[in-house]
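Open the model in your viewer and set it to a cartoon view. This tour tells you what to select at each stop and what you will find there.

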Amino acid sequence: MEMFNTDFILNFIGTTSFITVLCLWIALIFKIDQIKKLKFTLDKLKRSFDELDEQAKLIVKTDLELNKTQEELDKKVAGLYTLQRLSRAISTTLDEEQIFARIEEPLIREFGFEKALAFTFKKVRDGSLELNLRIQAGYSEEEAEKIKHNLEKESILSIIIKNNAPFSSLNAASGKLKQATESIKNLCLLNSFAGSIISTKDGPYGLIIMGNESSLSVLIEGDEEIVGILANQLGQAIENAKLFEETFRSHQELERRVTERTKELTDALSEIKQISKRKSEFVSAVSHELRTPLTSIKGYASILTAGTLGEIPPAVKERIEKIHHHSNELTDLINNLLDISRIESGKVEMKIEPHNLSLIIEKVADLLMPQIKEKQLQFSLKIPAGLGLALADAHQIERVFINLISNAIKYTPNQGKIGISAVKIPDNYLRIDVSDSGYGIPLEDLNKIFNEFYRVDSMITRGIKGTGLGLSLVKYIIEAHKGKIWATSKLNEGSIFSFTLPVAK
Ligand code: ATP
Ligand code: MG
């Protein structure tokens, strides 16, 4: 029993152990499988985690890059705004000093730069460039002078001028330009910078450099472009200022020359007036002197032809009558000359009073009627009833009509027409027209016929006698009345002589 029990127990234990071991084995196998699965999952997780980590890193990197780009964009936009304001500021002045003065330190800072320098070039005789300091922001006087001196000395400028494009420490190319950029960086004590040549249409005019000393504020991509645009604007503004200065200077020169010429003309005019006065005085004196002997020649000729001193043979009488006739002509000429010089020198006092023109014209027409009739001319007079009175010296205006009507008679063939008419015109004036259907006056002679001694030289009128003084006397008289006189004419159709006289109020 005990044996049974022991065996049983042992068997039981064995079986149980076996089962247990089996179970454990199975469990172990199961666990191992599970562990394998878990490990696989873990590996997967780890990979995913790694991937996630990579992605997270990428996101952070992208975010950083985005932030940087955003920052750069903000800087660019701010720079463009500043550029726009600056452009407006420099384009509203036409003074070169002012153009540079308007690029002030706060604006440079708004661009995102700590320091700026600008120079203009001055070519010296040996071909080298001398610099004029125009902008100096963030530098002391001595620093700027030192930089200027060094830039003048070294060959940097010629390389940059040759390159003829904006440059910067960011995009320093290779070769000489890179060296030049490095030199500028060192000379100007800058960590990063952008610069550009300022050009006008005449070529390189100056240089602008903007940059940062500290390594914290670095240059961004667009900075070079912005400095380039600014240099362009400066070039444009300088060109405008130069153009303005040129125009202003030539305007001043023109004004100076006009003043000079005006003075010359005034001097010449007063000289001419002097000469004219002397001429009038001379003509007046000579005419006066000639009149006396002429009067006696005429007197003696009259006595001789009258026969009071005894009968004279007809042939002699004929000659003496010619002497008498020519003496009369000479007297007319002298009288006209005398009148012209008197009126010209203001020696004739006009008795200006209101006059009825019809009365004056009728008187003159009566006087000239024999000649009108002799040539069988039609004479018409058209003066409106309510024309009003003219302000005139009756005696002088009578001479005007005598001369104009005499001319109309002289220069119109037989059976022609002569007319006189008057109308009121604006500004309280009367216009009087003396017209004829005569030979007419060539266009080129129309404004010369009022000159002293001028006579139209044409085949038809060549045989008609005259001195060429009548119209100049008429012109003097009319102008002394503050009126005007002119002529219109058509060859072989006739002429109209028009003049104006003020109306009596
Ligand atoms: P005078 O001194 O004797 O009057 P004139 O008649 O030649 O001489 P003006 O009266 O000054 O001198 O005229 C100048 C010229 O103008 C004349 O010689 C004539 O050629 C031209 N002329 C003047 N009036 C007329 C007219 N009505 N028709 C055509 N030609 C005229
Ligand atoms: Mg005449």
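Start by selecting residues 203-212, strand E5, together with residues 192-200, strand E4. Nine bridges join these two strands, and they run antiparallel. This is a predicted model, so read each stop as a feature of a prediction.

**Stop 1: the E4-E5 hairpin**

Look at the link between the two strands. A hairpin joins E4 to E5 through two residues. Now pick out Ile197. Its bridge partner in E5 is Leu207. Colour E4 by accessibility next. Is this strand mostly covered or mostly open? E4 is mostly covered, with eight of its nine residues buried.

**Stop 2: the other side of E4**

Add residues 167 and 168 to the selection. Strand E3 joins E4 here through two bridges, and the pair runs antiparallel. Show both partners as sticks. Phe167 has Gly195 of E4 as its bridge partner. Ser168 is matched with Ala194, also in E4.

**Stop 3: the whole sheet**

Widen the view to take in the full set of strands. They form an open sheet of five, in the order E2-E1-E5-E4-E3, with antiparallel pairing. Which strands sit at the edges? They are strand E2 (129-137) and strand E3 (167-168), and each pairs on one side only.

**Stop 4: E7, E9 and E10**

Move along to strand E7 (378-382). Select strand E9, residues 417-425, with it. E7 and E9 pair in the parallel sense, over five bridges. For a single pair to inspect, show Ser380 and Gly419: the serine stands opposite this glycine of E9.

Now add strand E10, residues 429-436. Eight bridges join E9 to E10, and these two strands run antiparallel. Click on Ile425. Its bridge partner is Tyr429 in E10. E9 and E10 form a hairpin with three residues between them. Stop at Asp427 in that turn, where phi is positive at about 65°.

**Stop 5: two more positive phi angles**

A word of background first. Most residues other than glycine have a negative phi. Keep that in mind for the next two selections.

Select Gln376. This residue is not a glycine, yet its phi is positive, about 50°. Find it in the loop between helix H9 (357-374) and strand E7 (378-382). Is Gln376 buried, exposed or partly exposed? With 47% relative accessibility, Gln376 counts as partly exposed, because the partly exposed class runs from 20% to 50%.

Go on to Lys482. Its phi is positive too, about 65°, and Lys482 is not a glycine. Lys482 lies in the loop between helix H11 (470-480) and strand E11 (485-490). Its relative accessibility is 67%, so Lys482 counts as exposed.

**Stop 6: helix H11**

Step back from Lys482 into the helix that it follows. Select Gly470, Leu471, Ser472, Leu473, Val474, Ile477 and Ile478: these residues of H11 are buried. What do they pack against? Show helix H8 (314-344), H10, E11 and strand E12 (494-502), and you have the partners of the buried H11 residues.

**Stop 7: Gln396**

Stay in this region and select helix H10, residues 394-410. Gln396 lies in this helix. At 6% relative accessibility, Gln396 counts as buried. Now show what surrounds its side: leaving out residues up to four places away in sequence, Gln396 touches Ile343, Val348, Met350, Ile477 and His481. Ile477 is one you have met already, among the buried residues of H11.

**Last stop: the whole chain**

Zoom out until the full chain is in view. How many helices and strands are there? The chain has eleven helices and twelve strands. The radius of gyration is 57 Å, well over the 23 Å that the globule rule gives for 505 residues, so the chain is more spread out than a compact globule. Along the principal axes, the C-alpha atoms fill a box of roughly 225 × 60 × 45 Å.

Switch on a surface. The chain exposes about 31700 Å², and carbon and sulfur atoms supply 58% of this area. Buried residues make up 34% of the 505 residues.

Colour by charge to finish. The chain has 65 positive and 69 negative charges, and their mean positions are 7 Å apart. As for contacts between residues at least 6 apart in sequence, 68% join residues at least 24 apart.

Key:
Residues numbered from 1 in each chain as written. Chains lettered and ligands numbered in written order. Predicted model: local features only at pLDDT ≥ 70, side-chain atom pairs only at ≥ 80, totals over all residues. Heavy atoms only, no water. Helix = DSSP H or I, 4+ residues; strand = E, 2+ residues; numbered from the N terminus. Rg over C-alpha atoms; globule rule 2.2 N^0.38 Å. Buried < 20%, exposed > 50% of the residue type's maximum accessible area, 1.4 Å probe, protein only. Contact = heavy atoms within 4.5 Å. Areas by Shrake-Rupley, 256 points an atom, 1.4 Å probe, with all protein chains shown as cover. Lys, Arg positive; Asp, Glu negative; His and termini not counted. Charge placed at Lys NZ, Arg CZ, Asp CG, Glu CD. Pairing = 2+ DSSP bridges.
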